[in-house]
Amino acid sequence: MANDKDKEKVKFMYQDGETVLCYHGPLLYEAKCVRSEIRNKVAHYLIHYSGWNKSWDEWVTCPRVLKYNEENLKKQQELLATHGTSKIASKIKSNSRKHVNSMLEKNADLEKLTQEERENKKKKQKVEDSSDMIDNYKIQSEIKIKIPQDLQQILFEDYENISNNKLVSLPASKSMKEILDDYTNCKLEKKFDKNIITEIVEGIKDYFDTAISCRLLYNAEKNQHTELMKNSNKKPNEIYGIVHFLRLLAKMGELLSYTFWDEVCIKQLVFYIEDVIMYLNEQKSSLFTSKMYESQSQR
């Protein structure tokens, strides 16, 4: 912390509680200056991005913060046109199948090389098929997506349930589509751009529909999946619920690592995907229940 002499030398450009614009990646976002401090004789500002979870709050210095005025709002729109998040979001929507297929092709040789190791794992596990899902719960790629501890625990309990000869009850009482509809409404109430949120949400659903049968199921669930899809004209995101949705989010870092998008694009997508995860974490008490599973003998 600075002493009184330092404070006299350093001028704060922004006041506590002031609405500002702040750079996050290449774009400018509306934010609030929560408080300010002097560190190493430099003014630092604690920034909260309007509408975003507090986990995104960060300390920044002047180069990243701009006054909230007509000139800078125009700059914000110019940056959006150049690096448009809607354009970035549309990539996740339009290319999901290609990226999942690319990942599968690149994983094929690796799976062959590690088959002996996988077979050894099977002998030590209660469920024969766990080898094709056991790594799903850790982000293995360079693209890191944060999964809160509570949600990681839910993923572990999911694995334990499958190991104990249980399956997720389907169709889900609340589908992934309905969960994302609620998320969309929540964001629109906070004045988020409708086109951006819609593209992000539709893209996540496309990823799920493409990945569900090849990346998100244990072997014990595959017959259940075949029966469900054979007797339904609904998409998987309209049948499956929070458990399988969370499995997808735990794999998104890996899925995105098989794209050829630039760093700016990936950073913006991760920003939104992690916001979805934070929303699920906030709603976990109503979304996750012990009644989501049933014994295979009950089916």
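A pocket, as the word is used here, is an open set of grid points where a 1.4 Å probe fits, with protein on both sides within 12 Å along at least five of seven lines. In this predicted model, the second largest pocket has a volume of about 470 Å³. Its lining is made up of 20 residues, and those nearest the centre are Tyr 29, Glu 30, Gln 76, Lys 191 and Asp 193. Strand 2 (27–39), helix 2 (70–83) and helix 8 (194–215) are the elements that each give two or more residues to this lining. By residue class, the lining of the second largest pocket holds 12 nonpolar, four polar and four charged residues.

With that pocket as a starting point, the chain as a whole can be introduced. The fold contains 12 helices and seven strands. The chain has 299 residues, and 47% of them count as buried. Among contacts with a separation of 6 or more, 73% are between residues 24 or more positions apart.

The interior comes next. In soluble globular proteins, nonpolar side chains tend to be buried together. In this model the largest nonpolar core has 73 residues, and the members that touch the most others are Ile 47, Ile 242, Phe 245, Leu 248, Met 252 and Leu 256. For Ile 47, the partners beyond four places in sequence are Val 20, Cys 22, Ala 31, Lys 32, Cys 33, Asp 57, Glu 58, Val 60 and Val 65.

One of these partners, Val 20, belongs to strand 1 (residues 19–24). Val 20 counts as buried because its relative accessibility is 0%, and buried means under 20%. Although Val 20 and Ile 47 are 27 residues apart in sequence, their C-alpha atoms lie 8.9 Å apart in space. Beyond its sequence neighbours up to four places away, Val 20 touches Tyr 14, Tyr 29, Glu 30, Ala 31, Lys 32, Cys 33, Ile 47, Val 65, Leu 66 and Tyr 68. Two names in that list, Tyr 29 and Glu 30, have already appeared among the residues nearest the centre of the second largest pocket.

Strand 3 offers another buried position, Ala 43. With a relative accessible area of 7%, Ala 43 is buried. The C-alpha atoms of Ala 43 and Phe 12 are 6.3 Å apart, while 31 residues separate the two in sequence. Phe 12 is also one of the contacts of Ala 43 beyond four places in sequence, together with Val 10, Lys 11, Glu 37, Val 60, Thr 61 and Cys 62. Val 60 is thus a contact shared by Ala 43 and Ile 47.

The loops on either side of strand 3 can be described in turn. Between strand 2 and strand 3, the loop includes Lys 41. Lys 41 is not a glycine, yet its phi is positive, at about 65 degrees. Lys 41 counts as exposed because its relative accessibility is 59%. After strand 3 (42–49), the loop leading to strand 4 (58–61) contains Asn 53. Asn 53 is in contact with His 48, Asp 275, Met 278 and Glu 282, leaving aside neighbours within four places in sequence. The last of these, Glu 282, is 229 residues away along the chain, and its C-alpha atom is 9.8 Å from that of Asn 53.

Helix 6 rounds off this tour. Its 15 residues (residues 149–163) should span 21 Å at 1.5 Å a residue, and the end C-alpha atoms are indeed 21 Å apart, so the two values agree. Within helix 6, the buried residues are Leu 151, Ile 154, Leu 155, Asp 158, Tyr 159, Asn 161, Ile 162 and Ser 163. Gln 149, also in helix 6, counts as exposed because its relative accessibility is 56%. The C-alpha atom of Gln 149 is 9.5 Å from that of Asn 281, a residue 132 positions away along the chain.

Just after helix 6 comes Asn 165, in the loop that runs to strand 6. Asn 165 has a positive phi, near 65 degrees, in a residue other than glycine. At 43% relative accessibility, Asn 165 counts as partly exposed. Further along, the loop between strand 6 (166–168) and helix 7 (176–189) contains Pro 171. Pro 171 is joined to Leu 170 by a cis peptide bond, with omega at about 0 degrees.

Note on methods: Residues are numbered from 1 along each chain as its sequence is written. This is a predicted model: local features need pLDDT of at least 70, side-chain atom pairs count only at pLDDT 80 or more; totals for chains, interfaces and linings use all residues. Side-chain values use heavy atoms; hydrogens and water are left out. Helices (H or I, at least four residues) and strands (E, at least two) are DSSP runs, numbered from the N terminus. The expected span of a helix is 1.5 Å times one less than its number of residues. Buried means under 20% relative accessible area, exposed over 50%, partly exposed in between (1.4 Å probe, protein chains only). On a 1 Å grid over the protein atoms alone, a cavity is a set of points where a 1.4 Å probe fits but cannot get out, and a pocket is an open set with protein on both sides within 12 Å along at least five of seven lines; lining residues have an atom within 4 Å of a point. Grid points are joined across faces, edges and corners, and a volume is the space filled by probe spheres set on the points. Ala, Val, Leu, Ile, Met, Phe, Trp, Tyr, Cys and Pro count as nonpolar, Asp, Glu, Lys and Arg as charged, and the others, Gly among them, as polar. Contact means heavy atoms within 4.5 Å. A nonpolar core is a set of buried Ala, Val, Leu, Ile, Met, Phe, Trp, Tyr and Cys residues joined through side-chain atoms within 4.5 Å.
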